[in-house]
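Got your viewer open and a selection tool ready? Let's walk through this one stop at a time.

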Amino acid sequence: MNQSQYLFIKLLSLFILCTSSPVPASTQTETSFTLVLSGGGARGLAQIGVLRALDESGLKPSCIVATSMGAIIGSFYACGYSPAFIETQARQISWNSLFSNSVSRTRQFVSDKTESQNYLWEMQFDDNMRLILPTALSYGQAVYNHTVPWFTIPQYKAGMNFDSLSIPLRIVATDILSGKRVVFSKGNISTAIRASCAIPLAYSPVYLDNMILLDGGLSANIPVSVARELSDRVVVAIDVTSELWQKKDLENPVHFVDQIASIGIKMQKEKDRALADIVITPSINTITNSDFSNIDTLINLGYLATKAAIPDIQKLINKPSDTSSGQSTHIDSGMYAHAIDSCMMSGDEKFGITSISVTGNLKTRTSIIKTASGLKEHDSISCTELPKILSSVYSTNLFRNVNLELDTNSQIKFTVEEKKYLRMRFGLRFDEFHLGEGFIQPAYENLFGSGIQTLLHLQYGLRREKYSMELQAKHLFTSNFANNLLVQMYISKDRIFQREIIDNDSTDGPDQIVHNERSLTKSGALILTGTSIGRSALFGAGLKVERFKIQVSNKSALDDYFGLRFKTLPFWLLKLNIDSMDKFPFAKSGSRHFIIIDGSWEKINSHYLFNAIGGLEQSFTINRIHTFTPRIQLAWANTRLPEVERRYLGGMIPEQRNREIGVYSMVQFVGLEPRALSGDLLGLFHVDYRVQISGKFHASAIIDWGNVWEKGQYASNKLPAQFIKYAPLGLGISLAYESPLGPMILSFGQTAKSLNRTGIRTQPTIYFSAGHDF
């Protein structure tokens, strides 16, 4: 370049600078602001209304700094989701289930569904048999379940860098080792949220990089100081934190610990408020941080408070008041979509996987996790598949937490936290028939790192005992196909007490009261193999050998060789279970069907035994609170059955986990006392209408129509007519409460037909049970 050309370019540049409008250096600071979202539990949902008001006014923050509940809401917004979408998610979440550690029943294999939380208390031990005390009510898997599906792809597109999201983001947590706040600016968003929301005693800590992380509110519940350290922008802070709890609220241990923490952070909160340029405080003083029943009110109050503050915000950031020009760049749809600067994706967009890695599995085989996920190297996944992948791994019941991410190398990385596999469970229950009973159940749940479970069940009650040793194994072929093995040895005993008054015909003699005890003991061994097809079907086949004896109190011990005479029966059996119930008990949707066919190669009453029982059950709910559950149950045998194999009709005693090792096959029938009728054949039609009075209270109306018969009592072609003519009709009502100790159920029933011909008095019957079924 010669000197004349250089001089020409220099003069041209000077001309452009002189004729252009000046742009002050502080333009970015004056036209942008940092939004600070606070913690506050349920009260934090008001910040959805804040975002909606800002969005409508065309005010988009240049950065979001958030803590606890604010971290959840702020992360959605920063990733490109609209306030309307966030509001929809808030309504769909079952907030009461956020502290549950149980796997969704619909995602469990059928073989695991009978292992529902039927215990009262669980103790866990380390490998040195030292007791591990729980640090919180929940391990917080629900947080990952609700966040991983929505944040995995945005953080992948952002290169795991929070500054590259639709809006730069900072999430605040607290390291309880150092007492310092920790600010997340990169990595896994769900991990950051889980740490920021780890309320002491409610959620367990997050262990990360030699830190123990808890709720960000412990160090910065309104993290304005963090925003000030990031830039000199205008800071708009939202304060939805709650005041101190009242005396009456401190009986709740979580509230008690929260109160102690709140006293310590109150001064820091006031300092942060003073650092903000604008503080928006919605008027929600009457709603506590644990009350999620007023979502509409909270969002509306946040919206109104922010609308009133819009002029002040616009004045501070020097933005013209023109709401019509504010075009939201956020997603305004329930589906994935692109915004102008969003890092979201469409629902059917696929991303290739280069490899799969797992961290945190110190004992569990990596192959189990990979198989459970259903993923293989070089597969392609979409966002819509992520919830299923996450829940499939968690449903193995081997982990406290399961998290995943798609890193910048397109590698799926699972991060798991293993359970303590050595545990002891305890249970207690009561009903009017068996009276009080309890169990102790030690178990090891991950033998050889392959998910094999061994357990010992020791159950003792005033009228019933059950003892068993079990080995359960499940081999996964795919995420929805597995082989199962059950080996079980058991002993069960039932004692039936009868009180009979014998009238004295003479005028001067007293009546006699006779008490009789009838005891039936059963012992046996079972080997059952099966195949799980999907999450709702299980087919099994196996062998069992049972020995049983009967003792009656009014017989001499010599009549039964001192109780040592056992009868032995070998059986083969086939089973098919189909179970898609969303929960048990108190299901709202799904079906439960079963058929069991068994037989013996030893003759009973000159016949080879062939026995079958089956049932069809369906639950469906109308308007969220009205649930109908019809059920049909049938049983048939080709010969008279021994007492241990007969069907017993009557009572309202449900049994679930250990039903098959029980002595008696009891079938519910409202209006009859337990075991009122017995027979070889069974036909039952049952309808249950249940209304959910409130969150934990239920009321039901019950109709039972059925009967049992002795084999050969009637010709097969006459059974339908005999059923219609003689089958008792039971009518009943019940009230139930889902208590922390298990369901508490009070029922009342009466038969509508006289049963005098069977020797059974038709009279009102009251039933009561408390505690989980086992």
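Here is a tour that starts with the whole chain and then picks out a few spots to select.

**The whole chain**

Keep in mind that you are looking at a predicted model. Color by secondary structure to begin with: the chain has 15 helices and 36 strands. There are 774 residues here, and 51% of them count as buried. Now think about who touches whom. Among contacts with a separation of 6 or more, 66% are between residues 24 or more positions apart. Switch on the surface as well: the accessible area is about 36,500 Å², and carbon and sulfur atoms own 58% of that.

**Into the biggest core**

Hide the surface and select L35, L45, I64, I171, F184 and V236. These belong to the largest nonpolar core, a set of 66 residues, and they touch the most other members. Next, highlight helix 4, residues 69–78, which gives the most to this core with 7 residues.

Stay here a moment and center on F184. Which residues does F184 contact, leaving aside neighbours within four places in sequence? Show F162, L169, R170, I171, A173, A192, A195, L208 and L213, and you have them.

There is also a second, separate core, this one of 32 residues. Select F351, I353, A372 and L404 to see some of its members.

**A quick look at cysteines**

How many disulfides does a search of the whole structure find? The count is 0. Two cysteines to click on are C63 and C383. C63 has a relative accessible area of 5%, so it counts as buried. C383 is buried too, with a relative accessible area of 1%.

**Charged pairs**

Time for salt bridges, of which the structure holds 31. Start with D127 and K363, whose side chains meet at 2.6 Å, N to O. Where do these two sit along the chain? D127 is in the loop between strand 3 (121–125) and strand 4 (131–132), while K363 is in the loop between strand 14 (355–359) and helix 13 (366–373). They are 236 residues apart in sequence, so this pair ties together distant parts of the chain. D127 counts as exposed at 57% relative accessibility, and K363 is partly exposed at 34%.

Now jump to R429. Its salt bridge with D431 has the closest N and O atoms 2.6 Å apart. R429 also meets the side chain of E437 in a salt bridge, at 3.3 Å, N to O. Are these residues buried or exposed? D431 and R429 are buried, and E437 is buried as well.

For one more charged group, select E122, K419, R423, R425 and E445. Salt bridges that share partners join these five into one network.

**Last stop: a nonpolar patch outside**

Bring the surface back and select F430, I733, M744, L746, F748, I766 and F768. Together they make a nonpolar surface patch of about 630 Å². Color strand 35 (742–751) and strand 36 (765–770), since each supplies at least two residues of the patch. Strand 35 gives the largest share, with 3 residues.

Finish by clicking F430, which is found in strand 18, residues 422–431. Its relative accessibility is 34%, so F430 counts as partly exposed.

Conventions. Residues numbered from 1 in each chain as written. Predicted model: local features only at pLDDT ≥ 70, side-chain atom pairs only at ≥ 80, totals over all residues. Heavy atoms only, no water. Patch = residues over 30% accessible without salt bridge, like charges linked within 9 Å, V, L, I, M, F, W, Y side chains within 5 Å. Areas by Shrake-Rupley, 256 points an atom, 1.4 Å probe, with all protein chains shown as cover. Salt bridge = Lys/Arg side-chain N within 4 Å of Asp/Glu carboxyl O. Helix = DSSP H or I, 4+ residues; strand = E, 2+ residues; numbered from the N terminus. Buried < 20%, exposed > 50% of the residue type's maximum accessible area, 1.4 Å probe, protein only. Contact = heavy atoms within 4.5 Å. Core = buried A, V, L, I, M, F, W, Y, C linked by side-chain atoms within 4.5 Å. Disulfide = S-S within 2.5 Å.
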